[in-house]
Amino acid sequence: MMIKELIELYDILDTSSASGNKVKEYFKSINSNANVDVITLNGEKGSTDFVKVLICGKNGKTNGGNVPTIGVIGRLGGLGARPVRTGFVSDGDGALAALTVAAKLLKMQKNGDELNGDVIISTHVCPNAPTLPHKPVPFMGSPVNMDEMNEVEVDSRMDAILSIDTTKGNRIINKRGFAISPTVKEGYILKVSDDLLDIMQITTGKYPEVFALTQQDITPYGNGLFHLNSILQPSTATKAPVVGVAISTETMVAGCATGASHFTDVEDAARFALEVAKSYGEDTCKFFNEDEFNLMKEKYGDLSIYQTQGKNN
């Protein structure tokens, strides 16, 4: 269970003075050896602090091993929409979940429970992000653009990625809790991972939920096409397989809505990500079938154009 870590982080993030350095201080209080980097980027509409945490595994690449590295990215526009809205917004759930995973892993590491492979957690902390018009409900914007966010959050060391994002402003996912996406890799929408479905069943005690993706959803922002939200944007900046973890609701809830975060749902998503990280390092969780993927590329070609702005650009 990760409720304590989640509540402690919520108290740090639910304030107009939230910052990457305050999150770093919290992580250092858990484990003084925590490997935490904070980078501040400035944009036309403000600034945001990117936080990246490296948790070294016993046989991970950082320690000279060959166990693959998993990345957990908390996707969001911002934690708050000040001064338009007061308080922690629904859009912040992705960051809260990812940082909760980092806090739990740091505690485990300090207490001698090391994972087999490395884990990299990245997200950003912005208490006053702008809002954007979007149907059926407004989106949260960000002080920096998506290319800049991907450049910092998507680490070349990540061999597979879970992208956690609030995904409530739509008619695609109609349940409280979280749902996962099919695996996305190099422009292909692949089969849903059976291993991830198994882990989801175990961590939630319920049948797994999968949300639908369209080809538009896995293309980069800025190309004029509709996107469900930014949950699969990391897939446009890497060859690693990416799976979206969508924190969801039955009704449509705007990303800029306050009082809309449900700690049980965020904790479920974080606990799922933690268990995936454990299994991935033990080679008991595959995001995709490599042989089948290679056969698809042989038969149908390279689809990496969908990771770009397209032919006209």
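**Exercise 1. In this predicted model, locate S235 and describe its surroundings.**

Solution. Begin with the chain segment: S235 sits in the loop that runs between helix 5 (194–204) and strand 11 (242–248). Next, consider solvent accessibility: the relative accessible area of S235 is 3%, and because buried means under 20%, S235 is classed as buried. Then turn to the polar side chain, where a polar atom of S235 lies 2.6 Å from the backbone oxygen of L232. Finally, list the neighbours: leaving aside residues up to four places away in sequence, S235 touches V184, I218, V242 and Q307.

**Exercise 2. Classify the ring pair of F178 and F272, and state which elements it ties together.**

Solution. The count of aromatic pairs comes to six. For F178 and F272, the ring centres are 5.2 Å apart and the planes stand at 40°; since planes under 30 degrees apart count as stacked and those over 60 as edge-to-face, the pair of F178 and F272 is tilted. The next step is to place the two residues: F178 belongs to strand 8 (residues 177–180) and F272 to helix 6 (residues 263–281), so the pair ties together parts that are 94 residues apart in sequence. As for accessibility, F178 is buried with a relative accessible area of 2%, and F272 is buried with a value of 0%.

**Exercise 3. Apply the ring criteria to Y280 and F287, and determine whether each residue is buried or exposed.**

Solution. The ring centres of Y280 and F287 are 5.6 Å apart and their planes meet at 75°, so this pair is edge-to-face. Y280 has a relative accessible area of 11% and is therefore buried, while F287, with a relative accessible area of 2%, is likewise buried. A further grouping of rings is found in Y188, F288 and F293, which form one aromatic cluster.

**Exercise 4. Describe how helix 2 packs with helix 3, and name the residues that make the contact.**

Solution. Two packed helices are described by the angle between their axes and by the distance between those axes. For helix 2 (residues 20–30) and helix 3 (residues 93–110), the angle is about 25° and the axes are 9 Å apart. Because angles under 35 degrees count as roughly parallel, helix 2 is roughly parallel to helix 3. The handedness follows as a separate step: helix 2 passes helix 3 in a right-handed crossing. On the side of helix 2 the contact is made by V23, Y26, F27 and I30, and on the side of helix 3 by L99, A102, A103, L106, K107 and K110.

Key
Residues are numbered from 1 along each chain as its sequence is written. This is a predicted model: local features need pLDDT of at least 70, side-chain atom pairs count only at pLDDT 80 or more; totals for chains, interfaces and linings use all residues. Side-chain values use heavy atoms; hydrogens and water are left out. Helices (H or I, at least four residues) and strands (E, at least two) are DSSP runs, numbered from the N terminus. Buried means under 20% relative accessible area, exposed over 50%, partly exposed in between (1.4 Å probe, protein chains only). A polar contact is a pair of N or O atoms within 3.5 Å; within protein, one must be able to donate a hydrogen and the other to accept it, and residues adjacent in sequence count only if both atoms are side-chain atoms. Contact means heavy atoms within 4.5 Å. Rings of Phe, Tyr and Trp (its six-membered ring) pair if their centres lie within 6.5 Å; planes under 30 degrees apart count as stacked, over 60 as edge-to-face and the rest as tilted. Axes are lines fitted to C-alpha atoms, for helices over the stretch in contact, and angles run from 0 to 180 degrees between N-to-C directions. Angles under 35 degrees count as roughly parallel, over 145 as roughly antiparallel, 65 to 115 as roughly perpendicular and the rest as oblique. A crossing is left-handed if the near helix is turned anticlockwise from the far one by less than a right angle, and right-handed if clockwise.
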